[in-house]
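This report goes through one protein chain, from a single side chain out to the fold, the core and the surface. The structure is shown first.

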Amino acid sequence: MEPRMNEANTMRIRAHTIHIDNREAISVTGVKDVDSFNEQEVELLTEAGELRIEGNGLRITKLSLDEGHVIVEGEIIALEYAEAPGERGSLFSRMFR
């Protein structure tokens, strides 16, 4: 899909993809924001809704919200989408209310 331009700003339509390498690294595109993260869980807001990545020793090795791309390394155990995407805001927006 081609990006659409808005008079006020640039509006991007991003594809949402997931690529997992040997359960040791996961690359996610179409990421809008990072809700929370620690060594056992990373929560992302994607074009397809909220995505939770569970594992051990998880660490974010690439974070580019401008590109909508996140890479998480560590032992990947599970992926889960929320049933209904929430509009609760990002970790950073909740911290600075």
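Is Arg 52 buried, partly exposed or exposed? With a relative accessible area of 26%, Arg 52 is partly exposed, because the buried class ends at 20% and the exposed class begins over 50%. The model behind this value, and behind all that follow, is predicted.

**Salt bridges**

Five salt bridges are present in the structure. Arg 52 pairs with Glu 41, with 3.5 Å between the closest N and O atoms. This pair links distant parts of the chain, since Arg 52 belongs to strand E7 and Glu 41 to strand E6, 11 residues apart. Arg 52 also meets the side chain of Glu 80 in a salt bridge, at 2.1 Å from N to O. Here Arg 52 in strand E7 is tied to Glu 80 in strand E8, so parts 28 residues apart in sequence are held in one pair. A network of salt bridges links Glu 41, Arg 52, Glu 54 and Glu 80. Another pair joins Glu 73 to Arg 59, with the closest N and O atoms 3.4 Å apart. Glu 73 sits in strand E8 and Arg 59 in strand E7, so this pair ties together parts that are 14 residues apart in sequence. Side chains of opposite charge can pair when their charged atoms come close.

The relative accessible areas of the residues in these pairs are as follows.

| Residue | Relative accessible area | Class |
|---|---|---|
| Arg 52 | 26% | partly exposed |
| Glu 41 | 23% | partly exposed |
| Glu 80 | 39% | partly exposed |
| Glu 73 | 28% | partly exposed |
| Arg 59 | 45% | partly exposed |

**Fold and strand pairing**

The chain has one helix and eight strands. Read from the N terminus, the order is β-β-β-β-β-β-β-β-α. Of the contacts between residues at least 6 apart in sequence, 44% join residues at least 24 apart.

Strands E6 and E7 run antiparallel and are joined by six bridges. They form a hairpin with two residues between them. Within this pairing, Glu 41 has Glu 54 in E7 as its bridge partner. Glu 41 and Glu 54 also both belong to the salt-bridge network described above.

E7 is also joined to E8, by 11 bridges in an antiparallel arrangement. Leu 63 has Val 70 in E8 as its bridge partner. The hairpin of E7 and E8 has four residues between the strands, and Gly 68 takes a positive phi near 70° there.

E3 and E4 are antiparallel as well, with four bridges between them. Ile 18 is partnered by Val 28 in E4. Three residues lie between the strands in this hairpin. What is the phi of Asn 22? It is near 50°, a positive value in a residue other than glycine. Arg 23, also found in the loop between E3 and E4, has a positive phi near 55°. Asn 22 counts as exposed at 68% relative accessibility, whereas Arg 23 is partly exposed at 48%.

**Core**

Of the 97 residues of the chain, 27% count as buried. The largest nonpolar core has 12 residues: Ile 26, Val 28, Val 31, Val 34, Val 42, Leu 44, Leu 51, Ile 53, Leu 58, Val 70, Val 72 and Ile 76. Strands E4 (25–29), E5 (31–37), E6 (41–46), E7 (49–64) and E8 (69–81) each supply at least two residues of this core. In soluble globular proteins, nonpolar side chains tend to be buried together.

Which residues does Ile 53 touch, leaving aside those up to four places away in sequence? Its contacts include Ile 26, Val 28, Val 42, Leu 44, Leu 58, Val 72 and Ile 76. Also among them are Gln 40, Glu 41, Ala 78 and Leu 79.

**Surface**

The chain exposes about 6,600 Å², and carbon and sulfur atoms supply 49% of that area. Ile 18, Ile 20, Leu 79 and Tyr 81 make a nonpolar surface patch of about 300 Å². Strands E3 (18–21) and E8 each give two or more residues to the patch. Leu 79, in strand E8, counts as partly exposed at 34% relative accessibility. Leu 79 thus belongs to the surface patch and also touches Ile 53, a residue of the largest nonpolar core.

Methods
Residues are numbered from 1 along each chain as its sequence is written. This is a predicted model: local features need pLDDT of at least 70, side-chain atom pairs count only at pLDDT 80 or more; totals for chains, interfaces and linings use all residues. Side-chain values use heavy atoms; hydrogens and water are left out. Buried means under 20% relative accessible area, exposed over 50%, partly exposed in between (1.4 Å probe, protein chains only). Contact means heavy atoms within 4.5 Å. Accessible areas come from the Shrake-Rupley method with a 1.4 Å probe; for residues, only the protein chains shown count as cover. A nonpolar core is a set of buried Ala, Val, Leu, Ile, Met, Phe, Trp, Tyr and Cys residues joined through side-chain atoms within 4.5 Å. Patches are made of residues with over 30% relative accessible area and no salt bridge: like charges are joined within 9 Å, nonpolar side chains (Val, Leu, Ile, Met, Phe, Trp, Tyr) within 5 Å. A salt bridge is a side-chain nitrogen of Lys or Arg within 4 Å of a carboxyl oxygen of Asp or Glu. Two strands pair if DSSP finds at least two bridges between them.
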